[in-house]
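Colleague: Please take me through this model, one question at a time.

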Amino acid sequence: MKMKGQLFTFDLAVSMVIFLSIILFAVYLYGSINSSAISELESSANIVSSKILSKNYGSENILDKNLLLNLSGKNYAEQRKTLGIAENFYMKVVYADTGEIVKKNGLAHSPVAYIARQYPDDVGIMRMLNNTGVTWDFYWEESAAPPVGTTARHFYGSNDKVQTFKWLVANLSNYDSVISEDTHVKADDLTAGEQQKLRDFVNAGGIFFHVQHNENLISVFGPMPVAGSDKGIVKNNDDALVDVAVGTNLTFQQGSDGFSTISPPLPLKVLIQKKDDPNRCLFCKWTSGAGAIYFIPDINTTNPNGVVPGLKIIGDAFEFGIKPDNSTHAASSRRVAKLDNDYVYLDLIVWR
Amino acid sequence: MKAAIFTIDAMLAFLLASATFAVIAQTLNYNSPGLEKQNIFSAANDLLAVMQNDGTLVSYASQSALDINSDLAKKILLLPQNFCGNLTISIYKYQSGGFALQKKSSALRNCVAGNKTVKAKRVFYDSPSQQYGIAEFEVWLKERVEAPK
C-alpha cells in the first residue's frame, strides 16, 4: 500500500510537469504565430507603400498621383487587387505640415480665404466649407458680426464691402486659394497695387474662384466680361467640375455675364459654354503663371436640387479603404514623399 | 513499475514531439535577415531621397553651417513620430590629393534608443562650388517607455 501511494504521487508529479509543458508550449506557439502575423503585415504595408512612390533615380519618392487617381475610380476589392494586398487596408495622403488629407480635386486648397456678402442667400459656399477638414478664414461684407453657423478659423467683418475685400488682399500671402461669392466688388474699387497683388497671388500658384453674375472684378486679371446667358452646356471636366457628362444642359439661377472665347488674354479652358454659342464661356478657367482663375455666374441652377452638377468646391480626399476599427492584427507604414511642392505622408494600415 | 515505464515513454514521446514542433515553428517564422529593419530603413531613406530630389542637399553646399543646422532641425521633424534620428551633413572639397572637410552640420531628434538602428547615406556634388557632400541619416525606433507607477 505504501509503495502504491508513492507511485501515485510520482505519476501525478510527472503528469503535472507534462501538462504544464504542453500549456507553456501552446502559449509560446500562439505568441510566435501572432508575432509572425504582425511581421507579415508590416512587410506588406512597406511593400505596398513602395509601389505608390516612384523609384526612378532623380525622382525617387514622388507620389504617383496617376495611380492614386486610378485607384479612386475603383471599388475596394479592385483597389486591393491593384495594390496587391491580400488583407484589408486603409490609406490616406496627408500634408506633413498640417496633417490635412490631400485633395484630388476641388477648389478649396487650404488655407482658404472666403469672402461673401449677403445672408442667407449668398453664403452657400460657407455651408460647404463648414465642418470639413479645410482651413479657412471668413471675410464678411455685411457686418462686423459673423453670420450664423460659421466654423471659420479667423473672422474679418465690416459693412463696407470694399474695405473687407482690401483686408483680404492685404492678407493674400496667408492663403492658397480665394473663394469670392457675390462680393459685388469692382476692379476699380482696388488700387493698382492691390490689383497687382491679386495677379501676383495667382501667378505664384494661387487659385482665385469668383462667383458673380454681373460685375467686372475678373478684369483685374485681363479677361473682360461680355453679355452671357443663364443657359449653359458642359464642355469640359476639370478639378472644379468632376464627373459630369459633356453635353449636360443646365440653367443658372442668375446668369447675365460671360467671357469671349476668341483670342482670350490668358490660356482659357471652357468648362460650361453658353448654349448654342461656342464663342461665349459661362464657367471659365484661365491659367496664369502657376495658378488659375475661375469664373462662374452662379453656383446654383434652377434644378430642384440646386447646385451646379459636378461642381467641386471642397473636393474629394486621397483616402482609400476601410479604417481598422475591428481589427485583430494591424501594421502601419508612414512614408515621406513629395507631391508637387509639398512634403506629404503616405499613411497605410494593413489589417486583419 | 508498469505505470513508471508508461510515464517515461510518454515523456520521451512528448520531448520528441516538442522538439519537432519547435523546429517546424522556427522554420515557419524564418524571415530574411534585416527584414524587420525594412520600415526603419524606409523612414531614413525616404527623407534623404526627397531632399536629394528637390535640390535641398546640393543647396547645402552654398549655405553656412548655421543655416544648414537650422534647416536640418526642420527637416528632421518630417520623420514619423515613432522614430528618432540623427541627420548629419558633411561638405568636402577635393584639394591637394585629398578630401578636406569644409563644414559639418547635424540635427538630432533624441529619444530612448532601441536596438534596431539603421543608417542611410547619400552622396551629392555641387558643380559650381566643386564641393562634395555626404548626407547620413541614422534612424532608430522610439523605445516604448512605461510610465512609473
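**Domains, sheets and a helix**

Modeller: Chain A is divided into domain 1 (2-99 + 317-351) and domain 2 (149-296). The model is predicted.

Colleague: What distance separates the centres of domain 1 and domain 2 of chain A?

Modeller: Domain 1 of chain A is made of two stretches, 2-99 and 317-351, while domain 2 covers 149-296. Taken over C-alpha atoms, the distance between the two domain centres is 46 Å.

Colleague: Which strands stand at the edges of the open four-stranded sheet of chain A, and why is one side of each left without a neighbour?

Modeller: The order in this sheet is E14-E1-E16-E15 (chain A), and the pairing is antiparallel. Each edge strand has a single partner strand, so one of its sides has no neighbour in the sheet. The edge strands are E14 (319-321) and E15 of chain A.

Colleague: By how many degrees are neighbouring strands of this sheet turned against each other on average?

Modeller: The sheet in question is the one with the order E14-E1-E16-E15 (chain A). With direction ignored, the average turn between its neighbouring strands is 15°.

Colleague: Which residue of E16(A) stands opposite A:Ser333?

Modeller: E15(A) and E16(A) run antiparallel and are joined by 10 bridges. Opposite A:Ser333, in E16(A), stands A:Leu348.

Colleague: Which helix of chain B lies across E15 and E16 of chain A?

Modeller: Chain B has four helices and four strands, and from the N terminus on its elements run α-α-α-α-β-β-β-β. The helix lying across E15 and E16 of chain A runs at about 10° to E15(A). This is helix H2 (residues 38-53) of chain B.

Colleague: Is A:Asp340 buried or exposed?

Modeller: A:Asp340 is placed in the loop between strand E15 (330-339) and strand E16 (342-351) of chain A. A residue is exposed if 12 or fewer other C-beta atoms lie within 10 Å of its own. A:Asp340 has 11 C-beta neighbours inside 10 Å, so A:Asp340 counts as exposed.

Colleague: How many residues of E2(A) are buried?

Modeller: A:Val112, A:Tyr114 and A:Ala116 point one way from E2(A), A:Ala113 and A:Ile115 point the other way, and all are buried. E2(A) is thus mostly covered, and the count of buried residues is five of its five.

Colleague: What is the handedness of the β-α-β crossover from E2(A) to E3(A)?

Modeller: E2(A) and E3(A) run parallel and are joined by five bridges. One place to see the pairing is A:Ala113, which stands opposite A:Asp137 in E3(A). The chain crosses from E2(A) to E3(A) through helix H4 (residues 124-129) of chain A, and the crossover is right-handed.

Colleague: Which residue in E5(A) is the bridge partner of A:Ala116?

Modeller: E2(A) is also joined to E5(A) by five bridges, and these two strands run parallel. In E5(A), the partner of A:Ala116 is A:Glu181.

Colleague: Which residues of helix H5 (residues 161-170) of chain A are buried, and why are they on the same side of H5(A)?

Modeller: The buried residues are A:Thr164, A:Phe165, A:Leu168 and A:Val169. They cover an arc of only 145° around the axis, which puts them on the same side of H5(A). On the other side, A:Gln163 and A:Ala170 are exposed. The cover over the buried residues of H5(A) includes E2 (112-116), E3 (136-140), E4 (155-157), E5 (177-181) and helix H6 (192-203) of chain A.

Note on methods. Residues are numbered from 1 along each chain as its sequence is written. Chains are lettered from A and ligands numbered from 1 in the order in which they are written. This is a predicted model: local features need pLDDT of at least 70, side-chain atom pairs count only at pLDDT 80 or more; totals for chains, interfaces and linings use all residues. A residue is buried if 20 or more other C-beta atoms lie within 10 Å of its own, exposed if 12 or fewer, and partly exposed in between; C-beta atoms are placed from the backbone. The arc is that of the directions from the helix axis to the C-beta atoms. Two residues are in contact if their C-beta atoms, placed from the backbone, lie within 7 Å. Domain bounds come from an automatic or database domain assignment. Two strands pair if DSSP finds at least two bridges between them. Axes are lines fitted to C-alpha atoms, for helices over the stretch in contact, and angles run from 0 to 180 degrees between N-to-C directions. A crossover is right-handed if, with the strands pointing away from the viewer, the path from the first strand over the helix to the second runs clockwise.
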